[in-house]
Amino acid sequence: MIFKDFLDKLLAPAPAILPDEDARLALTALLVRLARSDESYSDSERDRIDRILRSRFQLDSGAAQILREQGEGLEAEAPDTVRFTRAIKDAVPYEDRTGVVETLWQVALADGKRDAEEDALIRLAANLLGVNDVDSAMARKRAESRA
């Protein structure tokens, strides 16, 4: 996939609902953006993203790594977080969006510490995904219990 084509889809004034493959890429790019938000993109965060992708999308290790690498490329080129969250919100039912917030927390906690930049990005993403504060807090607690 050419990132420019994908970005054009995300940047369209009234984008169509993305196919599952594109929604996966948008989620992956959002996870990468979160991991990079504190200026320290660690191996533990990469590993956590790969595990999430394997589990969430039933991928083998190689496919998860390729998807993460595509997400890294897209994240580096994308202008803002709003595009990713809008794509996910349009493609994913509410109950699954709370799961997206939980996965964001799993990545944020992968390095064993909470970071102000990561917290702020998760709050923004949860709001843009339309996940209410109560469900977002419950997602954080679930992620913390798994960390």
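How much space lies in the largest pocket? About 230 Å³. The legends below start from the whole predicted model and then move to close-up views.

**Figure 1. Overview of the predicted model, a protein with eight helices and zero strands.** Along the sequence the pattern reads α-α-α-α-α-α-α-α. The protein has 147 residues, and 47% of them are buried. Take the contacts between residues at least 6 apart in sequence: 76% of these join residues at least 24 apart.

**Figure 2. The largest pocket and its lining.** The pocket holds about 230 Å³ of space. Twelve residues line it. Closest to its centre are A23, R24, R56, F57 and V92. Helices α2 (20-36), α3 (43-57), α5 (81-91) and α6 each supply at least two lining residues. Which helix gives the most to this lining? It is α2, with four residues.

**Figure 3. R68 and its surroundings in helix α4.** R68 belongs to α4, which spans residues 61-77. Is this arginine buried or exposed? R68 has a relative accessible area of 7%, so it counts as buried. Its side chain makes a polar contact with the side chain of D50, at 2.6 Å. D50 is also listed among the residues that R68 touches beyond four places in sequence. The others in that set are T28, V32, Y41, R46, I49 and L53.

**Figure 4. A26 in helix α2, with E75.** A26 sits in α2. The relative accessibility of A26 is 0%, so this alanine is buried. In sequence, 49 residues separate A26 from E75. In space, their C-alpha atoms are 8.7 Å apart.

**Figure 5. S37 in the loop between α2 and α3.** S37 lies in the loop that joins these two helices. Its relative accessibility is 18%; the cut-off for buried is under 20%, so S37 counts as buried. The side chain of S37 reaches the backbone oxygen of L34 at 2.7 Å. Which residues does S37 contact beyond its neighbours within four places in sequence? They are E117, E118 and L121.

**Figure 6. Helix α8, end to end.** The helix covers residues 133-146, 14 in number. From first C-alpha to last, α8 reaches 20 Å. That is close to the 20 Å expected at 1.5 Å a residue. At the N-terminal end, N132 acts as the cap. A side-chain oxygen of N132 lies 3.1 Å from the backbone nitrogen of V134.

**Figure 7. The two sides of helix α8.** Which residues of α8 are buried? They are S136, A139 and A143. These residues cover an arc of only 60° around the axis, and therefore lie on the same side of α8. The other side carries the exposed residues V134, K141 and S145. V134 thus appears in both views of α8: its backbone nitrogen lies 3.1 Å from the capping oxygen of N132, and V134 itself is exposed.

**Figure 8. Packing of helix α8 against its partners.** What do the buried residues of α8 pack against? They meet two helices, α6 (94-108) and α7 (116-129). Helix α6 also takes part in the pocket of Figure 2, where it supplies at least two residues of the lining.

Technical notes
Residues are numbered from 1 along each chain as its sequence is written. This is a predicted model: local features need pLDDT of at least 70, side-chain atom pairs count only at pLDDT 80 or more; totals for chains, interfaces and linings use all residues. Side-chain values use heavy atoms; hydrogens and water are left out. The expected span of a helix is 1.5 Å times one less than its number of residues. Buried means under 20% relative accessible area, exposed over 50%, partly exposed in between (1.4 Å probe, protein chains only). The arc is that of the directions from the helix axis to the C-beta atoms. Contact means heavy atoms within 4.5 Å. A polar contact is a pair of N or O atoms within 3.5 Å; within protein, one must be able to donate a hydrogen and the other to accept it, and residues adjacent in sequence count only if both atoms are side-chain atoms. On a 1 Å grid over the protein atoms alone, a cavity is a set of points where a 1.4 Å probe fits but cannot get out, and a pocket is an open set with protein on both sides within 12 Å along at least five of seven lines; lining residues have an atom within 4 Å of a point. Grid points are joined across faces, edges and corners, and a volume is the space filled by probe spheres set on the points.
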